[in-house]
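Hello,

Here is the structure I promised to pass on to you. Have a look at it first, and then read on for my notes on what turned up.

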Amino acid sequence: MKSSRRQFLEKGMGCVGGLVLGAALPGHATGSLVVRREAAGNPLRVINAGVGGNNTIDLLNRIDKDCLAHRPALTILMAGTNDMNSVKHVPLAAYEKNLSEIADRIAAAGSHLLMMTILPAYEPYLLTRHPASFYEPEGVTGRRRQVNTVIRKVAGQHKAVLLDMEQRFMAIGKIGTGRDSLIRNEQNGNVTDGIHPTANGYRFIALAVYDCILYNQLPTSSIVCFGDSITRGDGSNHKDSYPGYLNQLLTTA
């Protein structure tokens with residue numbers, strides 16, 4: 001019988017990977033040694049290629065310049081929040097086509113691909129910006145489930161590693177109005193946001209991505225994080241963004 005820890009690792013990743021905060025993954029000491037050697041000999045670089053407001057149409061329009069031009073060994077992709085929520089809404093079938101084309105382009109460039117599901121939102125805040133009718137007939141939760149089902153499908157079709165960030169935030173992200181929520185709200189950010197992570201939320205994503213990289217023995221250098229404002233964070237490679245925190249994790253390992 002599998003241990004509960006192993007079951008947790010595999011649950012969020014389908015068949016691969018997982019997050020255990022503050023703990024080394026079993027059986028992967030060699031991966032950690034590889035990270036240390038690379039960091040010592042050649043500082044790692046994580047490129048933050050997130051742009052606020054982007055949907056999959058925007059990502060396709062800038063994939064050459066902002067992603068593939070860097071010749072990434074690994075591309076980390078989170079896309080779909082604006083496709084489902086914003087005035088730039090993309091219908092599900094078109095979203096799947098766009099996402100599949102993005103994955104095709106990344107694979108054709110020779111990059112490994114890690115895809116993340118999109119995060120849950122605090123619905124009462126969301127419905128102050130969009131009427132409930134905007135999400136009919138499936139509703140906010142139903143539409144997010146549809147988007148994440150497409151992400152899982154496309155990841156499987158392209159043999160990408162899947163990291164289920166929705167599951168992690170739903171389980172322990174405390175999505176709501178409390179100060180300890182990992183999504184910004186009035187208590188922790190003085191905003192009725194409900195979508196974007198707090199600084200601790202970005203640390204949480206970075207830790208999950210870091211452990212996923214090591215678990216799946218993905219490249220630990222020449223990484224491009226490609227996506228929208230949730231990828232962008234504060235826009236840096238070293239501060240309040242998941243690419244920034246990931247860069248710190250990789251370069252100090």
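**Helix H12 and its cap**

Ser241 caps the N-terminal end of H12, with a side-chain oxygen 2.9 Å from the backbone nitrogen of Gly244. Please keep in mind throughout that this is a predicted model. The helix itself covers residues 242-252, and its buried residues are Tyr242, Pro243, Gly244, Tyr245, Leu246, Asn247 and Leu250.

From there you can move to Tyr202, which lies in helix H10. Is Tyr202 buried or exposed? At a relative accessibility of 5%, Tyr202 counts as buried. Setting aside neighbours within four places in sequence, Tyr202 is in contact with Pro197, Ser229, Ile230, Gly233, Asp240, Ser241, Tyr242 and Tyr245. Ser241, the cap of H12, is thus one of the residues that Tyr202 touches. Pro243 is 41 residues away from Tyr202 along the chain, yet their C-alpha atoms are separated by 8.5 Å.

**The chain as a whole**

Stepping back for a moment, the protein chain has twelve helices and five strands. It has 253 residues, and 52% of them count as buried. Looking at contacts with a separation of 6 or more, 73% are between residues 24 or more positions apart.

Gly50 gives you one such link across the sequence. This glycine is found in strand S1, residues 46-50, and its relative accessibility of 4% makes it count as buried. The C-alpha atoms of Gly50 and Phe226 are separated by 5.4 Å, although the two are 176 residues apart along the chain. Leaving out residues up to four places away in sequence, Gly50 touches Arg62, Cys225, Gly227, Asp228, Thr231 and Arg232.

**Two helix pairs that share H5**

How do H3 and H5 pack? Helix H3 (residues 56-66) and helix H5 (residues 92-108) meet at an angle of about 20°, and their axes are 9 Å apart. H3 and H5 are therefore roughly parallel to each other, and their crossing is left-handed. On the H3 side, the residues involved are Thr56, Ile57, Leu59, Leu60, Ile63 and Asp64, which meet Tyr95, Asn98, Leu99, Glu101, Ile102, Arg105 and Ile106 in H5. By class, the contact of H3 with H5 comprises eight nonpolar, two polar and three charged residues.

H5 also packs with H7, at an angle of about 30° and with the axes 10 Å apart. That angle makes H5 roughly parallel to H7, and here the crossing is right-handed. H5 contributes Leu92, Tyr95, Glu96, Leu99, Ser100 and Ala103 to the contact, while H7 contributes Gln146, Val147, Val150, Ile151, Lys153 and Val154. The contact of H5 with H7 has eight nonpolar, two polar and two charged residues. If you compare the two lists, Tyr95 and Leu99 of H5 appear in both.

**A buried aspartate**

Asp164 is worth a click too. It is found in the loop between S4 and helix H8 (165-172). With a relative accessibility of 8%, Asp164 counts as buried. Which side chains does Asp164 reach through polar contacts? One partner is Thr117, whose side chain is joined to that of Asp164 by a polar contact of 2.9 Å. Another is Arg152, whose side chain makes a polar contact of 3.0 Å with the side chain of Asp164.

**Backbone details in the loops**

Finally, here are some backbone details to look up in the loops. The peptide bond from Glu136 to Pro137 is cis, with omega near 5°. Pro137 belongs to the loop between helix H6 (123-129) and helix H7 (139-157).

After H7 comes Lys159, in the loop that leads to strand S4 (161-163). Lys159 has a positive phi of about 55° although it is not a glycine. Is Lys159 buried or exposed? Its relative accessibility is 75%, so Lys159 counts as exposed.

Asn190 also has a positive phi, near 60°, in a residue other than glycine. You will find Asn190 in the loop between helix H9 (186-189) and helix H10 (199-215). At 69% relative accessibility, Asn190 counts as exposed.

Enjoy exploring the model!

Best wishes

Notes: Residues are numbered from 1 along each chain as its sequence is written. This is a predicted model: local features need pLDDT of at least 70, side-chain atom pairs count only at pLDDT 80 or more; totals for chains, interfaces and linings use all residues. Side-chain values use heavy atoms; hydrogens and water are left out. Buried means under 20% relative accessible area, exposed over 50%, partly exposed in between (1.4 Å probe, protein chains only). A polar contact is a pair of N or O atoms within 3.5 Å; within protein, one must be able to donate a hydrogen and the other to accept it, and residues adjacent in sequence count only if both atoms are side-chain atoms. Axes are lines fitted to C-alpha atoms, for helices over the stretch in contact, and angles run from 0 to 180 degrees between N-to-C directions. Angles under 35 degrees count as roughly parallel, over 145 as roughly antiparallel, 65 to 115 as roughly perpendicular and the rest as oblique. A crossing is left-handed if the near helix is turned anticlockwise from the far one by less than a right angle, and right-handed if clockwise. Contact means heavy atoms within 4.5 Å. Ala, Val, Leu, Ile, Met, Phe, Trp, Tyr, Cys and Pro count as nonpolar, Asp, Glu, Lys and Arg as charged, and the others, Gly among them, as polar.
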